[in-house]
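Trainee: I have a model open and would like to understand the labels people put on its features. Could you take me through the reasoning behind them?

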Amino acid sequence: MELLVARGVTRLVGGSELFAGVDLRLAAGDRLGLVGPNGSGKSTLLRTLAGLEPPDAGRLLRAPGVRLGYLPQRDEARPAGALTVWQAARGALAHLDELERRLREEERRLAAGAASDEAYAHLRAEFERLGGFEAEAALRRELAAVGFGPQDDARPVAELSAGERRRLALARTLAAAPDVLVLDEPTNHLDLPARARLARRLARWRGAVVVVSHDRALLDEATNRTAFLEPSRLDPSAPARWALEGGHYAVARARRDGVLRASHKRERERQKEARRLEAMAAELATFGRKANARRRAALRQRQRLLAPHDAGASAGGAGAPDGPRLAGPGTAKRRARGAATLLEAEHLTAPAVLEDVTLRLAGGDRVALLGPNGSGKSTLLRLLAGELASTDARAEVRYAPALRLRHVDQSSRGLADGAPLLEQAEARVGRVAAGRLLAGAGVPPRAWASPPEALSGGERARAGLALALAEDADLWLIDEPTNDLDLAAVEALEEQLAAKLDASGAALVLATHDRRLAERLATEVWAVEGGALRRYRDVARYLAGEPLGAPPAPLPPAPAAAPAAPSALPEPAAGLEALEEERLELLRLRDEALDLTERERARLAARLTAVEEALMEAYAARLPVAAPRYRLLERGAPLFADELPAPEGAQARLAVVAPALVPTVQAVQAVPATGATGTAGAWGTAGVGADPAALAAAGALAALAEGAPPARALAGCAAGWVEVRLLREAGERPEERLDGTAPEGEAARSRRSPSAVAHLRLVERDDACLLPAARAALVNGAARLAFTRLGAQAVQLYHPGPLPGALLEAAGAGWWALGLGGFLRAEGWRR
């Protein structure tokens, strides 16, 4: 079912088309990642899809009853009044509150006989579909995932920081569970674990998702389609081009780059042919009338060739697709420091964030500094750069002689407010290189004369990084370099900074929340946790909570015959949650990795099988022992029963046992009494827990179901047991499904013969004596289950001796019998 459809949607800004002709169809299960440079219209398109702004041309259609949730990129204004965190979060469930109010009203009308069962059933089904019964629990989970616990319920929203308000808005949007989820930069103010959790959440979203993000890890894990908004490089006034590709971002980006490269190649061939025609026209200009006609034809053909033809000309011009130049290669040669110590720090302390931190950095070290917002990453970088003094008097920071250290902070990017941007660039790199550097970073010439505070966030970030990274250093301390950068700039920064580090051999400490950037540039992870600095081998180990020095968690066993996993597969994970994450990643690779070879696909399938088997074993180890299906209380004695495989000629088969263990008082009292002589109820799906009687019965019934001899299976039970078989009438054939199997469950029981007879078989052990009270309890319990659970119309038992206290009546020749009417009268349900 299509939830949202856009047909030819166009938006105008200042009289010019921002984008035009956007066609999009969203159905349940579609997860679209929208990417493009800053200013291409991504946020405008999201507001249009969300219905907040009308399109200037085209149509936007939403299916009736479809709910849409929208998270804007910019924080909402600080609310006035005394609205608390819980009140603001609880507002996300307003639609469920209204539905519950209508449901309660319908219940009152139904009780008064003024409403129909059908209307009530429809409302209740809709309430359940929207998760109404567990909505508040789901809201609590969403709040906890972004750092809000019950202790924050009473905090006024007006006192929250911008980041906290942003995370609260994200939790509200997700908890509302809309059919179409529209998110604009949802990872803002989220740390790495929260981003990973959000990616998993979106990957399992039941409805449709449209997300704008510069987090490539989230786009790769959470999306299955990618849309590109590509502004024209040849004509800045032309609308951005809309291109839709299948697959997550990495796959779609590779496919789109291939299309652009092919288009650029055709463009170069057209340019070459145009130059040939121009030369031919110049040559023909020296000849007569016929030659002039051919010259004019050649010139017309040249004009057609020079006109833009496709995506290559509109999106990238004649060159290959490229990003801004943010990290130049530098001028200095690689310094031969090797693994010599560059920096040593001891007893670094900052109130409330860092406590007695000691570390060492050597040449060539590349460290990703991770941790939640406010954990102290920026403070640690400032301490290492010597810009902040430690509060511990023992603190000391020692630098290598002649060390060139560069600190690029996340706020100023090394730019000074008040001074024109071009003047600062000329002072850093010289007059000749300044303009070239700013232009290469994607800063338009109109902004060069402006001070940094007058620039947009993206322009300021690109200019600051380009100027800072144009210099050379032995040690780089870089704080959140991807803030305010679009995807193209992030990818360009990653490639260029990696090349700069490889060429210079410099060390790096990079504070970031970008998983892909950390994985590409860093060889080790440091995390600020509770004031201490913990070390991890890589980002995957950090997310799994496995610091260096901790005992490794056991890996799931892989089949001996399975080939090794390809390099494209994730490393084996440990722990239940890690196994679930690995399974999702393997499923994503199986469905979306189009470039895998057959051999790699075989390895992927083998690894997926191994992970799923390990998951089943892990879940089985966590679950309690399965309890028997039925529990009864007959004359104070607890009995347990469960279904067994039915032999030929029987519709159903039960076994009733009485554990020899004496049950606790709590176990007996937990069974509600519904009749004067006994009770019968479903045990449900709960485990046996600490009840020794249930544990003994579960083991005995499981052994009987597997065909074990009764003497061995009932070693821990009483001196006898009762088998119940529901027999078919002579000539009656069992119902079959289309696949030839017999039906099971309540639906099948409801179709049994109205004259079905349950035959009881009382088995007593030879090495024990079954007391009369226990014998009567077993027979009565078996009869009760035959009538109430199997739908029997009569019960019969052959027992040559007396049965004092049994519900069954003697029928002669050792037979005992009881009809349904007699059972109902004995229970007091019929006169």
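Trainee: What sits over the ring of W86?

Mentor: The charged end of R140 does, 4.0 Å from the ring centre. Keep in mind that this is a predicted model. The distance cut-off for a charge over a ring is 6 Å, and R140 at 4.0 Å falls within that cut-off. R535 is placed over the face of W526 in a similar listing, with 5.0 Å to the ring centre.

Trainee: Why is the pair of F823 and W829 called edge-to-face?

Mentor: Two values decide it. Ring centres must lie within 6.5 Å, and the planes must be over 60 degrees apart. F823 and W829 have 5.9 Å centre to centre and 85 degrees between the planes, so the pair is edge-to-face. A search of the whole structure finds five aromatic pairs, and ring pairs link F787, F823 and W829 into a cluster.

Trainee: Are those two rings buried or exposed, and how do you know that?

Mentor: They fall on opposite sides of the scale. F823 has a relative accessible area of 1%, and buried means under 20%, so F823 is buried. W829 has 52%, and exposed means over 50%, so W829 is exposed.

Trainee: What makes H189 partly exposed?

Mentor: Its relative accessibility is 37%, which lies between the 20% and 50% limits, so H189 counts as partly exposed. H189 is in the loop between β6 (180–184) and α7 (192–203).

Trainee: What is notable about the phi of H189?

Mentor: H189 has a positive phi of about 70 degrees although it is not a glycine. Most residues other than glycine have a negative phi. D484 also has a positive phi, near 70 degrees, and is a residue other than glycine. The loop that holds D484 runs between β15 (475–479) and α16 (487–504). With a relative accessible area of 46%, D484 is partly exposed.

Trainee: Which glycines take a positive phi?

Mentor: Among them are G442, just after α14, with about 85 degrees, and G14, with a phi near 60 degrees in the hairpin of β1 and β2.

Trainee: How do you know that β1 and β2 pair?

Mentor: Pairing needs at least two bridges, and strand β1 (residues 2–13) and strand β2 (residues 16–27) have eight, in the antiparallel sense, so they pair. One of the partnerships joins L12 to E17 in β2. Two residues lie between the strands of this hairpin.

Trainee: Which residues of helix α14 are buried, and what do they pack against?

Mentor: In α14 (residues 431–440), the buried residues are A433, A434, G435, L437 and L438. The buried residues of α14 pack against α13 (421–429) and α15 (457–469).

Trainee: Which residues touch the most other members of the largest nonpolar core?

Mentor: L143, L168, L202 and L218 do, in a core of 45 residues. Helix α6 (residues 162–175) supplies the largest share of this core, six residues. Leaving out residues up to four places away in sequence, L168 touches V85, A88, A89, L143, F148, V157 and L160. A second, separate core has 35 residues, including L632, A658, A783 and W816.

Trainee: And what of the chain as a whole?

Mentor: The chain has 831 residues, of which 46% count as buried. Its secondary structure comes to 26 helices and 27 strands.

Key:
Residues numbered from 1 in each chain as written. Predicted model: local features only at pLDDT ≥ 70, side-chain atom pairs only at ≥ 80, totals over all residues. Heavy atoms only, no water. Core = buried A, V, L, I, M, F, W, Y, C linked by side-chain atoms within 4.5 Å. Buried < 20%, exposed > 50% of the residue type's maximum accessible area, 1.4 Å probe, protein only. Helix = DSSP H or I, 4+ residues; strand = E, 2+ residues; numbered from the N terminus. Contact = heavy atoms within 4.5 Å. Phe/Tyr/Trp six-rings, centres within 6.5 Å; stacked < 30°, edge-to-face > 60°. Lys NZ or Arg CZ within 6 Å of the ring centre and 35° of its normal.
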